[in-house]
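Trainee: I am new to this structure and would like a close look at a single part of it, the salt bridges. Could you walk me through them and show me where they sit?

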Amino acid sequence: MKLPPGPAPRAVRCLVGGTALALVLSACTPQDDVVTLDFFQFKPEAVANFEAIIDRFEAENPGIRVVQNHVPDADTAIRTLLVKDKTPDVLTLNGNGRYGELAEACVFADLSDLPVVEQVRPAVSDIVSELGSCSADEVNAVPFSSNASGILYNKDLFAQYGVEVPTTWDELLAAARTFEDAGVPPFYTTLKDAWTVSPAFVNLGGALQPEDFFDRLRAEGSEVASGEVSFSKDYPEAMEKLTTLYGFGQDGAASRDYNAGNAAFGAGESAMYMQGSYAIPAIRASNPDANIGSFPYPATNSPEDSVVVSGVDVAVSVGRDTEHPAEAREFVEFLMSPEVVQQYAQEQSAFSPLATGADATDPALAGLAPYFEDNRIIGFIDHQLPASLPLPQYLQELALGGSVEDFLSVMDREWSKIAARTIPNEKD
């Protein structure tokens with residue numbers, strides 16, 4: 001393809017996606033005296049946001065060029081690049097268990113001396129550090145954007161039926177019964193997609209489990225049956241409450257997927273929706289006028305015990321063996337500037353992880369924002385589970401009418417089997 005004279009438009013600067021991934025590093029030839037950074041970006045819905053950020057950075061730093069590489073299957077793509085010893089210079093990754101595995105494998109550089117590290121909310125820093133790192137004193141990722149998992153609700157329906165936002169478990173059940181009696185589905189549930197049950201699991205389980213549950217579970221190794229903690233011992237209340245909430249779902253839940261749920265909730269087909277901040281842009285895409293509110297799961301009858309489950313939706317890392325460490329760190333520092341972080345948070349209905357960041361301005365997040373300000377947040381507990389444990393499928397079976405006792409027994413059995421292969425038993 002013949003291009004007009006002058007700089008190529010960004011859309012054709014570099015091929016991105018599918019079969020082009022293997023060519024990505026060679027397809028973009030740097031100009032003389034210009035350092036080109038390979039920027040691996042995993043969120044499809046944020047490509048345009050990051051292109052705008054890159055444009056600003058390049059305008060301020062003419063000696064650095066940033067090529068955003070996005071592919072549909074980010075997990076597979078990053079592993080393919082690592083196998084080929086082509087770690088990108090700068091990466092965005094979801095702060096989950098897979099990130100933790102890569103951090104512990106020392107794939108990422110130590111960023112502990114970046115000034116912005118001290119500006120991150122302590123509770124958010126803890127969420128990332130608990131996932132894993134190359135060594136105890138390293139910081140291998142800086143949180144760029146935080147999400148929150150709670151209960152979304154239709155403000156118009158709550159006002160129409162005179163329902164107050166629940167702050168206790170009993171109030172949540174009373175609200176659900178009020179809507180059910182009025183012929184309004186209390187919750188829209190999407191059981192065709194197994195993972196959509198996970199938000200209820202992480203919220204109820206995270207709020208009700210004993211302190212240091214997963215640390216103690218790992219210490220038991222494969223001896224869960226005789227240990228002090230286990231899913232069977234410590235999760236019955238959480239799982240009973242999960243099945244109670246799913247009992248308030250609409251008819252036909254087994255054939256509804258996440259996309260259908262976003263559209264249906266946006267159209268006012270249920271009073272509540274067990275999804276987090278990450279679903280808000282998709283809901284608004286189906287109905288820009290959706291009047292959305294949010295509140296944390298009231299797992300108990302003590303409002304002071306309520307917490308918000310939050311994950312680092314976007315974490316920024318630098319490849320440990322990058323040939324351009326100074327330029328990569330310069331780009332990371334630009335990404336982490338308060339104005340960039342805040343603008344991205346507003347555009348993506350997310351939370352700034354910075355302690356000095358502005359409060360969330362999206363009215364849909366108002367019910368969750370105070371918990372960030374008070375550091376009353378906890379991480380996603382499913383990030384503590386081995387990837388080989390098929391939690392979503394087990395949760396799906398439970399929500400479709402399975403037995404709580406059977407679910408907990410399977411969780412203990414699978415944990416023990418995986419631990420026997422992979423987790424050293426500290427008792428030995």
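Mentor: Happily! There are 18 helices and 10 strands in the chain, and you are looking at a predicted model. Let me sketch the whole before we zoom in. The C-alpha trace spans about 70 × 60 × 40 Å along its principal axes. For 428 residues, a compact globule would have a radius of gyration near 22 Å, and the 23 Å of this chain agrees with that. Of those 428 residues, 53% count as buried. Among contacts with a separation of 6 or more, 78% are between residues 24 or more positions apart.

Now to the charges. The chain carries 27 positive and 63 negative charges, and the mean positions of the two sets are 5 Å apart. The structure holds 12 salt bridges, and three of them make a good tour.

Start in helix α9, which covers residues 213-220. Here D215 pairs with R218, with 3.0 Å between the closest N and O atoms. The two are 3 residues apart in the helix, so about one helical turn separates them. D215 has a relative accessible area of 47%, so it is partly exposed. R218 is partly exposed too, at 26% relative accessibility.

Next, find R284 and D362, whose salt bridge brings the closest N and O atoms to 2.7 Å from each other. This pair links distant parts of the chain, 78 residues apart: R284 lies in helix α13 (residues 280-286), while D362 lies in the loop between α15 (338-347) and α16 (369-373). R284 is partly exposed, with a relative accessible area of 25%. D362, by contrast, has a relative accessible area of 11%; buried means under 20%, so D362 counts as buried.

For the third stop, go to helix α18, residues 404-422. E414 and K417 form a salt bridge there, the closest N and O atoms being 3.2 Å apart. Again the partners are 3 residues apart in the helix, so they are separated by about one helical turn. E414 is buried at 11% relative accessibility, whereas K417 is partly exposed at 42%. Salt bridges can also share partners, and in this way K43, E45 and D313 are joined into one network.

To finish, step back to the outside of the model. The accessible surface of the chain comes to about 18600 Å², and carbon and sulfur atoms account for 50% of it.

Notes:
Residues are numbered from 1 along each chain as its sequence is written. This is a predicted model: local features need pLDDT of at least 70, side-chain atom pairs count only at pLDDT 80 or more; totals for chains, interfaces and linings use all residues. Side-chain values use heavy atoms; hydrogens and water are left out. A salt bridge is a side-chain nitrogen of Lys or Arg within 4 Å of a carboxyl oxygen of Asp or Glu. Helices (H or I, at least four residues) and strands (E, at least two) are DSSP runs, numbered from the N terminus. Buried means under 20% relative accessible area, exposed over 50%, partly exposed in between (1.4 Å probe, protein chains only). The radius of gyration is taken over C-alpha atoms; the globule rule is 2.2 Å times the number of residues to the power 0.38. Contact means heavy atoms within 4.5 Å. Accessible areas come from the Shrake-Rupley method with a 1.4 Å probe; for residues, only the protein chains shown count as cover. Lys and Arg count as positive and Asp and Glu as negative; His and the chain ends are not counted. The place of a charge is taken as NZ of Lys, CZ of Arg, CG of Asp or CD of Glu.
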